[in-house]
Number of protein chains: 2
Amino acid sequence: MLSEFSLIDRFFARRAALARPPHAHRDTLGIGDDCALLAPRSGEMLAISTDMLVEGRHFFADVDPEALGHKALTVNLSDLAAMGAQPQAFTLAFSLPKADEAWLSAFSDGLFALAERHGCELIGGDTTGGPLNLCITVFGSVPPQAALRRDAARPGDDIWISGTLGDARAGLGVQRGEWNAAEPGDAAAFRHALERPEPRIALGLALRGIAHAALDLSDGLAGDLLHILERSAVRASVDVDAVPRSAALRRLAPAIQQRCTLAGGDDYELCFTAPAAARAAVEAAAQKAAVPVTRIGTISALEAATDRPAIAWRNAAGAPLTLTLQGFDHFHAE
Amino acid sequence: MLSEFSLIDRFFARRAALARPPHAHRDTLGIGDDCALLAPRSGEMLAISTDMLVEGRHFFADVDPEALGHKALTVNLSDLAAMGAQPQAFTLAFSLPKADEAWLSAFSDGLFALAERHGCELIGGDTTGGPLNLCITVFGSVPPQAALRRDAARPGDDIWISGTLGDARAGLGVQRGEWNAAEPGDAAAFRHALERPEPRIALGLALRGIAHAALDLSDGLAGDLLHILERSAVRASVDVDAVPRSAALRRLAPAIQQRCTLAGGDDYELCFTAPAAARAAVEAAAQKAAVPVTRIGTISALEAATDRPAIAWRNAAGAPLTLTLQGFDHFHAE
């Protein structure tokens with residue numbers, strides 16, 4: 001059993017400074033004091049997001065700890081991507097049933113490999129005994145006028161999605177025995193999507209000044225897009241056949257495909273809106289970030305004072321569809 | 001059962017803006033987007049600290065939720081106080097076994113009453129199901145050169161303590177049946193110290209430019225002071241009879257007093273060092289902050305290259321004492 005301080009030192013503090021970005025403020029103070037000290041880049045603001053991951057709810061007890069370290073940071077960096085922010089730093093607080101050295105070593109490997117790729121420095125933390133629970137707070141830098149906010153969608157905007165949706169939920173279904181993958185390689189692809197999502201940082205940065213509203217898809221398209229609509233006071237029309245999906249997902253039954261892409265969650269792709277006049281600029285930004293993007297619908301104005309923000313689902317032929325979908329809600333069984 | 005979004009809205013989001021400080025940056029973006037946006041005051045840096053509180057370890061399952069809301073924020077604000085930082089904002093992530101409205105209402109009352117007193121705005125959060133676990137990350141603003149760092153103690157400095165030490169640990173001992181309070185009112189005083197500690201924000205601000213090093217006492221004087229010594233590469237001599245204690249604590253057996261004051265933890269008082277020439281300035285700062293302070297020892301240089309940072313305990317007559325003490329270590333039973 002390790003003491004708290006030797007744990008922090010062995011697995012976290014020594015690697016924390018390695019991820020320090022070259023643009024870090026020279027006065028930055030990291031692990032070891034009462035507080036860390038951090039400043040955004042000159043003229044920018046700090047974008048801040050916090051996420052808690054609980055065993056049995058966000059991951060299984062037997063999860064590969066290296067994959068867990070990767071994913072715990074990804075879900076937070078994904079929020080920075082959705083804001084168009086450049087990662088700077090993060091804090092990590094966690095409770096652990098016991099101080100298992102092999103587990104901590106693998107977990108910290110997964111965490112720092114991703115942190116170092118994004119120049120994101122661990123600046124503080126807290127460790128304690130208890131049921132396995134991780135809480136990461138992440139800090140990025142963004143010019144306030146360039147931030148990709150949820151309340152910025154405008155009538156006439158296109159709705160775009162990065163990457164493909166649904167593979168993570170398909171992987172969860174395979175793990176749970178809800179369905180089987182059609183081909184042997186498909187199960188591995190689904191599992192990879194579930195365990196190793198990549199935060200779309202480069203795309204978020206490339207969309208500054210081009211996209212209007214953006215968010216990351218963590219709870220499913222149907223529920224998450226509604227957050228943009230509600231905060232922007234607009235409606236959406238979405239072509240369900242246009243929603244991008246992988247070849248592996250297209251080998252599952254159509255009803256499963258629809259459930260996974262529209263209400264699946266855990267995708268960590270960006271959903272964003274941009275004016276129709278900016279289509280070429282969006283494509284160029286996606287190319288720069290090396291991430292495919294797909295147009296799936298349009299934003300329209302509320303038609304009357306009593307009109308409510310909502311998604312009108314249609315198929316490729318334009319025919320309206322009635323779907324019963326629900327985003328992932330953490331206080332309900334899915 | 002409430003959904004995640006209605007929970008956040010009912011108990012947290014609506015009150016979050018009430019604590020917004022008058023000096024808040026007008027571009028501040030709070031709850032409801034992928035990230036919050038925050039900037040330190042002009043020319044200052046953000047001081048950042050995170051703490052996780054776990055049921056059964058940091059509080060009992062039957063704790064008064066209003067007191068828990070107060071204490072969960074106190075332990076974080078106390079880190080800002082120890083840095084000399086002005087509170088600005090905080091994020092709250094928590095997992096709960098069930099969405100109990102009465103519990104959440106009382107918890108948020110305790111949390112926001114303290115937040116509003118310190119102009120500290122809730123800017124983001126995360127809620128999920130799971131064993132009760134709270135994670136708060138707090139943000140303050142401080143000029144980097146005025147920050148009260150742990151590595152700034154210098155030979156010749158006095159060592160000071162705010163308030164009194166040991167009452168919280170005495171209260172825990174009463175709850176656990178380790179000992180009894182000597183008088184009926186003493187148990188209530190101990191319990192108050194355990195459940196309702198006050199962060200020494202005003203004192204931390206008043207000590208800017210006066211104190212050298214500072215930290216807050218969360219794990220016990222013996223362990224915490226050692227952090228200053230190690231980071232500053234100095235030694236300390238401490239008069240155990242000078243360590244301030246309440247009248248209630250002084251009615252317990254001397255061995256219990258010593259254990260509670262030196263290795264108790266959960267005090268959230270400040271321990272700081274300042275040059276002997278600044279004694280009048282320290283007293284004036286304490287008076288301004290309306291918090292008593294007591295001088296308990298001195299800092300000295302390491303005497304040889306092989307000398308290690310350590311505390312030399314002595315009594316009021318100057319005689320050396322050999323004490324076996326251990327700070328609270330979260331991976332050991334205390």
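**A tour from A:Asp51 outward**

Select A:Asp51 in this predicted model. Beyond the neighbours within four places in sequence, A:Asp51 is in contact with A:Val75, A:Asn76, A:Asp79, A:Leu134, A:Cys135, A:Ile136 and, from the other chain, B:Asp126. The residue sits in strand β2 (residues 45-54) of chain A. Its relative accessibility is 17%, so A:Asp51 counts as buried, the cut-off being under 20%.

Next, select A:Asp79, in helix α2 (residues 65-83) of chain A. This residue is also buried, with a relative accessible area of 8%. Apart from residues up to four places away in sequence, A:Asp79 touches A:Ser49, A:Asp51, A:Asp216, B:Asp34 and B:Cys35. An unreviewed UniProt entry lists A:Asp51 and A:Asp79 under "binding site". Although they span 29 residues in sequence, their C-alpha atoms are no more than 9.5 Å apart, so they gather at one spot.

Now display the sheet. Five strands form an open, mixed sheet in the order β4(A)-β3(A)-β5(A)-β2(A)-β1(B). At the edges stand β4 (121-129) of chain A and β1 (36-38) of chain B; each has a single partner strand, so one side of each lacks a neighbour in the sheet. From one strand to the next, the twist averages 20 degrees.

Within the sheet, select β3 (residues 86-96) and β5 (residues 133-142) of chain A, antiparallel strands joined by nine bridges. A:Ala93 has A:Cys135 in β5(A) as its bridge partner. Then add helix α3 (residues 101-117) of chain A, which lies across β3, β4 and β5 of that chain at about 165 degrees to β3(A).

Finally, show both chains. A turn of 180 degrees with a shift of 0.0 Å along the axis lays chain B on chain A with an RMSD of 0.0 Å. The two copies are therefore related as by a two-fold rotation axis.

Technical notes
Residues numbered from 1 in each chain as written. Chains lettered and ligands numbered in written order. Predicted model: local features only at pLDDT ≥ 70, side-chain atom pairs only at ≥ 80, totals over all residues. Heavy atoms only, no water. Least-squares fit on C-alpha atoms with pLDDT ≥ 70 in both. Pairing = 2+ DSSP bridges. Helix = DSSP H or I, 4+ residues; strand = E, 2+ residues; numbered from the N terminus. Axes fitted to C-alpha atoms, helices over the stretch in contact; angles between N-to-C directions. Contact = heavy atoms within 4.5 Å. UniProt positions renumbered as here; feature names shortened; annotations may be inferred. Buried < 20%, exposed > 50% of the residue type's maximum accessible area, 1.4 Å probe, protein only.
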